[in-house]
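Biologist: I am new to this structure and would be grateful for a guided reading. May I put some questions to you in turn?

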Amino acid sequence: MLSENVSEFLGQLGKIAEDHFNECYVEEQENGPILLMSSPSPFEEDEEIAYSVQIEDGKNGFVLLQYLIMPFAHIPEEKLDELGKAICYIDPTLSYGNFVLVKEGKLLLFRQSAIVPDDMDEMTAIQYSARSLFLMERTVFETGNMLYGLLNGQVTLEEIKSASAAQ
């Protein structure tokens, strides 16, 4: 049962992914264990992108797998509203995951979740999770250049709107 072996599951997922990430470790938090990872940002020199994976027991024979990637932090206050509009144009074009702007924290998240049977084979769940993270990463990297350009004044909101409408 995945819900009974959360730390072990996350640790094994971390071992599979550790060659891809700078840091990869399981941390015990108030809501249970969480796998935390980081890798160099393809957008900002000397910055990292944070990743996390959590499992929540649905107590009904299913578990919720939650995946997060944080491509941007420390977003300038004056760019928050414009970035929020940009993700409203981008999100409907995505086939996997969605962006979430956390204005209070001045950061942008990309999230995906899945409900799977609690008795799913652990190796199948690990493979599914690794594939999910890499699909999410591809989406973040493809759309992130536009968003990074918006944050740095190299791309306009209108250009993002037009590019999104063309998809």
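Modeller: Please note that the model is predicted. A suitable starting point is the salt bridge that K106 forms with E77, whose closest N and O atoms are 3.2 Å apart. This pair links distant parts of the chain, with K106 in the loop between strand 5 and strand 6 and E77 in the loop between strand 4 and helix 2, and the two are 29 residues apart.

Biologist: Is K106 buried, partly exposed or exposed?

Modeller: The relative accessible area decides this, since buried means under 20% and exposed means over 50%, with partly exposed in between. K106 has 30% relative accessibility, so K106 counts as partly exposed.

Biologist: And which of these classes applies to E77?

Modeller: The relative accessible area of E77 is 51%. The cut-off for exposed is over 50%. E77 is therefore exposed.

Biologist: What is the phi of K106?

Modeller: K106 is found in the loop between strand 5 (98-102) and strand 6 (107-117). K106 is not a glycine, yet its phi is positive, at about 55 degrees.

Biologist: How many salt bridges does a search of the whole structure find?

Modeller: The pair of K106 and E77 is one salt bridge. K79 forms another with E82, the closest N and O atoms being 3.4 Å apart. D81 also forms a salt bridge, with K103. A search of the whole structure gives a total of three.

Biologist: How far apart are the closest N and O atoms of D81 and K103?

Modeller: D81 and K103 form a salt bridge, and their closest N and O atoms lie 2.6 Å apart. The pair links distant parts of the chain, for D81 is in helix 2 and K103 is in the loop between strand 5 and strand 6. In sequence they are 22 residues apart, while the distance asked for is 2.6 Å.

Biologist: Is K79 buried or exposed?

Modeller: The partner of K79 in its salt bridge is E82, and E82 is partly exposed at a relative accessible area of 26%. K79 has a relative accessible area of 18%. The cut-off for buried is under 20%, so K79 is buried.

Biologist: Let us turn to the strands. Which residue stands opposite E23 in strand 2?

Modeller: Strand 1 (residues 23-29) and strand 2 (residues 32-40) run antiparallel and are joined by seven bridges. A hairpin connects strand 1 to strand 2 through two residues. Opposite E23, in strand 2, stands S38.

Biologist: Which residue of strand 3 does P40 stand opposite?

Modeller: Strand 2 and strand 3 pair in the antiparallel sense, over seven bridges. Strand 3 spans residues 48-57. The residue of strand 3 that P40 stands opposite is E48.

Biologist: Which residue in strand 4 is the bridge partner of Q54?

Modeller: Strand 3 and strand 4 run antiparallel, with eight bridges joining them. Within strand 4, the bridge partner of Q54 is Q66.

Biologist: Which residue in the hairpin of strand 3 and strand 4 takes a positive phi?

Modeller: This hairpin has four residues between the strands. The residue in question is exposed, with a relative accessible area of 71%, and its phi near 55 degrees is positive although the residue is other than glycine. The residue is K59.

Biologist: Which residues form the negative surface patch?

Modeller: One member is E48, which is found in strand 3 and is partly exposed, with a relative accessible area of 42%. A patch residue must have over 30% relative accessible area, and E48 therefore passes that cut-off at 42%. The patch is formed by E23, E45, D46, E47 and E48.

Biologist: How far apart in space are C88 and A125?

Modeller: C88 is found in helix 2 (residues 80-90) and counts as exposed at 55% relative accessibility. C88 and A125 are 37 residues apart in sequence. In space, C-alpha to C-alpha, they are separated by 31 Å.

Biologist: Finally, how far apart in space are R138 and E44?

Modeller: R138 has its place in helix 3 (residues 122-151) and counts as exposed at 51% relative accessibility. In sequence, R138 and E44 are 94 residues apart. From C-alpha to C-alpha, their distance in space is 17 Å.

Definitions and conventions:
Residues are numbered from 1 along each chain as its sequence is written. This is a predicted model: local features need pLDDT of at least 70, side-chain atom pairs count only at pLDDT 80 or more; totals for chains, interfaces and linings use all residues. Side-chain values use heavy atoms; hydrogens and water are left out. Patches are made of residues with over 30% relative accessible area and no salt bridge: like charges are joined within 9 Å, nonpolar side chains (Val, Leu, Ile, Met, Phe, Trp, Tyr) within 5 Å. Accessible areas come from the Shrake-Rupley method with a 1.4 Å probe; for residues, only the protein chains shown count as cover. A salt bridge is a side-chain nitrogen of Lys or Arg within 4 Å of a carboxyl oxygen of Asp or Glu. Lys and Arg count as positive and Asp and Glu as negative; His and the chain ends are not counted. The place of a charge is taken as NZ of Lys, CZ of Arg, CG of Asp or CD of Glu. Buried means under 20% relative accessible area, exposed over 50%, partly exposed in between (1.4 Å probe, protein chains only). Two strands pair if DSSP finds at least two bridges between them.
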